[in-house]
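Open your viewer and keep the selection box handy. We will go stop by stop, and at each one you will hear what to pick and what to look for.

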Amino acid sequence: IAVSSSIQSDMSANSWTNRVKFIVRYMYDVDNNGVLDKDDFECLAVKNTLMEGKGAWNPDSFAKNKQVMSNLWDKIAEIADFDKNGEVDSEEFLGGVESACKGKSYSDLPDPFKFFIEAQFRTIDVDGDGSIGLEEFRYDCINRMPVKSVEELDNAFSKVSQNGDLTLKRYQEMYSEFLGNPDESCAACYLFGPLPLIE
């Protein structure tokens, strides 16, 4: 996705626009075709089921994940598929997230977003102890994008964790701020590790 040079030069990796584009590219656009569509969310249901089961397949878990992802896609299409073509590009997603999430706390997010955030937490909390530790955080980050040093990951984790852990409640709070807080210095900017600048 091209961004005009005047906008791009002013945009930092932690800008709200870049964070939302990061969500599209690294978290939802599973087939890497540059747009979101129903297929991406069907693939996410399979991915999340396998990640939650550490490679084991659980049909009941899949049915739940499939419903969560279907509802999430339906909500994203409702708030962001402005041209009603069955696809949501980054610009449309920006507009949809701005109206549905910007300036809102976790409790005020649309329910499908909340269900996705909780499901995402479960995939990262590999040991199932109810919190994300440093090693789980590192593993999640490197499976999403390239990282140049473990120190970058550790630094990011120190900004989002409390007492060496990232609980579900804290993850929910950080995720809603990642989507909704335009402040480039907020701790939530580090929820997914050091962000690349999305062009």
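Start by selecting glutamate 52, which is partly exposed at a relative accessible area of 22% (buried means under 20%, exposed over 50%, and partly exposed in between, with a 1.4 Å probe and protein chains only). Before you zoom in, note that this is a predicted model, where local features need pLDDT of at least 70, side-chain atom pairs count only at pLDDT 80 or more, and totals for chains, interfaces and linings use all residues. Residues are numbered from 1 along each chain as its sequence is written, and side-chain values use heavy atoms, leaving out hydrogens and water.

**The salt bridges**

Now add arginine 122 to the selection: its side chain forms a salt bridge with glutamate 52, and the closest N and O atoms are 3.6 Å apart. The term stands for a side-chain nitrogen of Lys or Arg within 4 Å of a carboxyl oxygen of Asp or Glu. Which helices does this pair tie together? Arginine 122 belongs to helix 6 (residues 111-124) and glutamate 52 to helix 3 (residues 38-52), so the bridge links parts that are 70 residues apart in sequence. Helices here are DSSP runs of H or I with at least four residues, strands are E runs of at least two, and both are numbered from the N terminus. Like its partner, arginine 122 is partly exposed, at 32% relative accessibility.

How many salt bridges does the structure hold? There are eight, and two more are worth a visit.

Stay in helix 6 and select lysine 114 with aspartate 111, whose side chains meet in a salt bridge at 3.3 Å, N to O. The two sit three residues apart in that helix, about one turn. Is lysine 114 buried or exposed? Lysine 114 is buried, with a relative accessible area of 15%, while aspartate 111 is partly exposed at 45%.

Next, move to helix 4 and pick lysine 75 and glutamate 78, again three residues apart and about one turn of the helix. Their salt bridge brings the closest N and O atoms to 3.2 Å. Lysine 75 is partly exposed at 21% relative accessibility, whereas glutamate 78 is exposed at 54%.

**A buried aspartate**

Follow the chain to aspartate 81, in the loop between helix 4 (59-80) and strand 2 (88-89). Aspartate 81 is buried but has no salt bridge, and the nearest side chain of opposite charge, lysine 84, is 5.7 Å away. For charge, Lys and Arg count as positive and Asp and Glu as negative, while His and the chain ends are not counted. What does the aspartate 81 side chain reach? Show the backbone nitrogen of asparagine 85, which lies 3.3 Å from that side chain. Then display Ile76, Gly86, Glu87, Val88 and Glu92, which aspartate 81 touches when residues up to four places away in sequence are set aside (contact means heavy atoms within 4.5 Å).

**A serine in strand 3**

Jump to serine 131 in strand 3 (residues 131-132). Serine 131 counts as buried, at 8% relative accessibility. Select aspartate 165 as well, and you will find a polar contact of 3.3 Å between the two side chains. That term covers a pair of N or O atoms within 3.5 Å; within protein, one must be able to donate a hydrogen and the other to accept it, and residues adjacent in sequence count only if both atoms are side-chain atoms. Beyond four places in sequence, the contacts of serine 131 include Phe121, Glu136 and Leu166.

**Two asparagines with positive phi**

Most residues other than glycine have a negative phi. Select asparagine 32, in the loop between helix 2 (16-28) and strand 1 (35-36): its phi is positive, about 55 degrees. Asparagine 32 is exposed, with a relative accessible area of 59%.

Asparagine 163 also has a positive phi of about 55 degrees. Look for asparagine 163 in the loop between helix 8 (150-160) and strand 4 (166-167), where it is exposed at 82%.

**Last stop: the cysteines**

The structure holds zero disulfides (a disulfide is a pair of cysteine sulfur atoms within 2.5 Å). Select cysteine 141: the nearest cysteine sulfur, in cysteine 189, is 14 Å away. Cysteine 189 has its closest cysteine sulfur in cysteine 186, at 3.8 Å, too far for a bond. Both cysteine 141 and cysteine 189 are buried, each with a relative accessible area of 0%.
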